[in-house]
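Trainee: I am new to this model and would like to look closely at one part of it. Please choose a starting point and lead me from there through its surroundings, step by step.

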Amino acid sequence: VFVKRGRLDMTASNHQETIRVLLVEDSPSVALQIRTLLGDDSPEGSFALAGAGNLATALELARQSAFDLILLDLGLPDSQGLDTFVEVHGKVPHIPIIVFTGLDDEHLAMETLRMGAQDYIVKRDVDARILKRAIRYSIERKKLVAELEQSKHELAQKTIRLIQIEKMTALGELTAGVAHELNQPLNAIKIICDDILRDIANNRFSPTQLDGSLGEAIGEIDRMAEIIDHMAVYSRRPTYLPMKLINSAVPINGALKLLGQQLRNSEIEIVREIDENLCLLGDAPRLEQALLNIIVNARDAVIPHKHKTKMRITLKTYLNGGDDQERTYLVYEVGDNGVGIPEPLKEKIFDPFYTRKEPGEGTGLGLSVARQIVKEHGGRIEVDSTEGQGSTFTVLLPGGTKQQLT
Ligand SMILES: Nc1ncnc2c1ncn2[C@@H]1O[C@H](COP(=O)(O)OP(=O)(O)OP(=O)(O)O)[C@@H](O)[C@H]1O
Ligand SMILES: [Mg+2]
């Protein structure tokens, strides 16, 4: 009994509302016909009709009051054909429109469908049932489309916010580390300054000593600047990253150029297997920074092995189908025959401020920054390593293509 009553109630409330229709039609006889068709108060609910005989009146009425739907004849005294539709749709894009048409201009009506009309009705075919159904469907369809657009918009907004929140969380985790890391050089600078002041007060001030002290202080300041520099990666809004189609060799060559002299002096053999014909969508300076961090780590990993083997770093680029087959990844591979990474630390090394280097040698930010940049490109970094033999860092970036850039 309950279910039945519930259903009845729903039907009643659904069908009791009045649908407000603006009828734009210059022929009085057609207008009268439509009024008659929509006139009888069927149990399906009723229609309130307002009429306009030309475009100007129609636009005026549409602006003044809220209509649920417009029935639009395209041939009016002051406007003809598609223009009529474009004018009305342009002024009140949120109101669904059904176009009235004669038998001979159905293709015109089809054109209005493509431009956003909900439906069209051939005048001579029109009967009460067809007309009422077309009106109801058109209103529903328009409502659904509007809702869909709205949720699409909301989803896009939420995605941007989520990415930002994720970054802020990462930044929050970083803050404690940053405070700690900045504190050390700050303390050192303070001690240096205190010493200088004490020397001045005791008349023991010597310019040569000052030289050394200031040099030390500048070293500490540089260290702080480096940390702050890395922080910038975390605070940028994701939408600001300018992605361009770039040759994949550009960021790796840039990184090598920065390291060039150092690498040559250190007798490390660089094996390059770089395909100059591969492209990807990305931001070259950021990718260069990520690759540089990984290559610097490789350098630091091979140097302790100097006396055991010929130090070697291998750089490769290639395309890979990827595990989901749908995408083609552009792969950067940085291999070294250095100290390697113990199995339990393979994830840990990506944590901000995690370093296994001597105090003062590494900030521990290199890999966390590299991972952040690669994430912004929709990619990931994988590590393969055997302790005592070497490591391979693989950077996978979606959207790689084989294409010669001019
Ligand atoms: N190719 C590698 N071989 C062996 N160990 C590595 C390699 N790359 C990274 N690691 C280990 O991971 C740790 C973290 O690396 P990361 O680049 O984040 O910081 P870092 O090199 O210590 O300092 P920074 O890069 O900020 O100067 C390193 O200290 C090192 O122990
Ligand atoms: Mg590093």
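**From one ring to the ligand**

Mentor: Let us start with Arg 380, which lies over the face of Tyr 329, at 5.5 Å from the ring centre. Please keep in mind throughout that the model is predicted, and that every distance and percentage is computed from it. There is a second arrangement of this kind, in which the charged end of Arg 371 sits over the ring of Phe 350, 4.0 Å from its centre. Pairs of aromatic rings, by contrast, number 0 in the structure.

From Arg 380 we can step to Thr 394, a residue of strand 12. When its neighbours within four places in sequence are set aside, Thr 394 is in contact with Arg 380, Ile 381 and Glu 382, and also with Val 331, Tyr 332 and Glu 333. Thr 394 has a relative accessibility of 14% and therefore counts as buried, the cut-off being under 20%.

Strand 12 runs over residues 390-398, and Ser 391 belongs to it as well. With a relative accessibility of 4%, Ser 391 also counts as buried. Its side chain makes a polar contact, at 3.0 Å, with the side chain of Ser 385. Beyond the neighbours within four places in sequence, the residues in contact with Ser 391 are Val 334, Gly 335, Asp 336, Gly 340, Ile 341, Asp 384 and Ser 385.

Ser 391 also takes us to the ligand, for one of its polar side-chain atoms lies 3.4 Å from a nitrogen atom of ligand 1. On its own, ligand 1 has 590 Å² of accessible area, and the protein covers 92% of that. There are 20 residues around ligand 1, and those that come nearest are Asn 297, Thr 355, Lys 357, Thr 363 and Leu 367. In the case of Lys 357, an N or O atom of the side chain is 2.6 Å from an oxygen atom of ligand 1. Gly 364 takes part through its backbone instead, with an N or O atom placed 3.0 Å from an oxygen atom of the ligand.

Leu 367, which we met beside the ligand, is also one of the buried residues of helix 10. This helix spans residues 366-376 and is mostly covered, since 9 of its 11 residues have a relative accessible area under 20% and so count as buried. Along with Leu 367, the buried residues are Gly 366, Ser 368, Val 369, Ala 370, Gln 372, Ile 373, Val 374 and Glu 376. After the helix comes Gly 378, whose phi is positive, near 80°.

Now look at what precedes helix 10, namely the loop that joins strand 10 to this helix, in which Ile 349 lies. Ile 349 counts as buried, at 11% relative accessibility. The contacts of Ile 349, again leaving out neighbours within four places in sequence, are with Ile 341, Tyr 354, Leu 367 and Phe 393. Although Ile 349 and Gly 366 are 17 residues apart along the chain, their C-alpha atoms are separated by 9.4 Å.

Phe 353 lies in this loop too, between strand 10 (329-336) and helix 10. It is not a glycine, and yet the phi of Phe 353 is positive, at about 70°. Phe 353 is buried, with a relative accessible area of 16%. A useful contrast is Asn 203, another residue that is not a glycine but has a positive phi, here of about 60°. Asn 203 is placed in the loop between helix 6 (128-201) and helix 7 (207-235). There the relative accessibility is 73%, so Asn 203 counts as exposed, for which the cut-off is over 50%.

Finally, set this part within the whole. The protein chain has 10 helices and 13 strands, and 41% of its 406 residues are buried. Among contacts in the chain with a separation of 6 or more, 72% are made by residues 24 or more positions apart. The accessible surface of the chain comes to about 23,200 Å², and carbon and sulfur atoms account for 55% of it.

Notes:
Residues are numbered from 1 along each chain as its sequence is written. Chains are lettered from A and ligands numbered from 1 in the order in which they are written. Side-chain values use heavy atoms; hydrogens and water are left out. Buried means under 20% relative accessible area, exposed over 50%, partly exposed in between (1.4 Å probe, protein chains only). Helices (H or I, at least four residues) and strands (E, at least two) are DSSP runs, numbered from the N terminus. Rings of Phe, Tyr and Trp (its six-membered ring) pair if their centres lie within 6.5 Å; planes under 30 degrees apart count as stacked, over 60 as edge-to-face and the rest as tilted. A charge sits over a ring if NZ of Lys or CZ of Arg is within 6 Å of the ring centre and within 35 degrees of the ring normal. A residue is near a molecule or strand if one of its heavy atoms lies within 4 Å of it. A polar contact is a pair of N or O atoms within 3.5 Å; within protein, one must be able to donate a hydrogen and the other to accept it, and residues adjacent in sequence count only if both atoms are side-chain atoms. Accessible areas come from the Shrake-Rupley method with a 1.4 Å probe; for residues, only the protein chains shown count as cover. Contact means heavy atoms within 4.5 Å.
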